[in-house]
Amino acid sequence: MLRFWQKRALTGVVTEHREFEDEIAQIRSVLKDEVKKRFAGSLAIRMVDSGSCNACEAECNALSNPFYDLERLGIRFVASPRHADVMLLSGVMTFNMFHHVMDAWEQIPEPKWCITLGDCSVMQAPFTKSFAIKGPVGEHLPVAWHIPGCPPSPEVIMRGLLDFLRSFEQK
């Protein structure tokens, strides 16, 4: 028992990652400022799965948990494309989802942007050569930004959203 407490005292708390938490806090701060500057403090995102394995959606769901808490930054996922500013599209563009994606895109009011999420949307997935695949998303929609990864972690998604918001300065 004494060895356990000695080891614990020397090791410290291993479930906390101070550097990571500080980095996320910094991203959160900058992201909130950019959303306030570019979208008057409220960025509505419509997530559309055009044929993914749902790993990207699982990572996006993590963005709503208390640790990342995107809603506190003014970023929220909406159920209707008519309430969205941005379409966040994951997965390869399948034939079955093509018309639904295009319908959702047409319902988003102007100005609107499409952000692709994950490697599947740029045809870097293992199942890209199939009769059921319509092709990369960029051939069908004007992609404003791409967030790479398979699946991208919540941190990478936050950085991708931040980079997307910063890209307005370059235009």
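The paragraphs below lead through a predicted model, beginning with its sheet and ending with its salt bridges.

Strands of a sheet pair through backbone hydrogen bonds, either parallel or antiparallel. In this model, five strands form an open sheet whose order is β2-β1-β3-β5-β7, and their pairing is parallel. The edges are taken by β2, residues 75–77, and β7, residues 143–147, and because each of these has a single partner strand, one side of each is left without a neighbour in the sheet. Within this sheet, neighbouring strands are turned against each other by 30° on average, when direction is ignored. At the β2 edge, the pairing with β1, which covers residues 43–49, runs in the parallel sense over three bridges, and there I45 has F77 in β2 as its bridge partner.

Turning to the helices, α1 spans residues 2–11 and is hardly covered, since the count of buried residues among its 10 residues is zero. The residue that follows α1 is G12, and its phi is positive, near 85°.

Side chains of opposite charge can pair when their charged atoms come close. The structure holds seven salt bridges, and one of them joins K37 to E34, with the closest N and O atoms 3.6 Å apart. Both K37 and E34 belong to helix α2, residues 18–39, where they lie three residues apart, about one turn of the helix. The two partners differ in their surroundings: K37 counts as exposed because its relative accessibility is 53%, over the cut-off of 50%, whereas E34, at 7%, counts as buried because this value is under 20%.

A further salt bridge is formed by the side chains of K112 and E110, at 4.0 Å from N to O. Here the lysine K112 counts as buried, at 15% relative accessibility, while the glutamate E110 counts as exposed, at 63%.

In helix α5, residues 154–170, E155 and R159 are placed four residues apart, about one turn of the helix, and their side chains meet in a salt bridge of 3.2 Å, N to O. E155 counts as buried, with a relative accessibility of 16%, and R159 is partly exposed, its relative accessible area being 34%. This pair does not stand alone, for E23, E155 and R159 are linked in a network of salt bridges.

Technical notes: Residues numbered from 1 in each chain as written. Predicted model: local features only at pLDDT ≥ 70, side-chain atom pairs only at ≥ 80, totals over all residues. Heavy atoms only, no water. Pairing = 2+ DSSP bridges. Helix = DSSP H or I, 4+ residues; strand = E, 2+ residues; numbered from the N terminus. Axes fitted to C-alpha atoms, helices over the stretch in contact; angles between N-to-C directions. Buried < 20%, exposed > 50% of the residue type's maximum accessible area, 1.4 Å probe, protein only.
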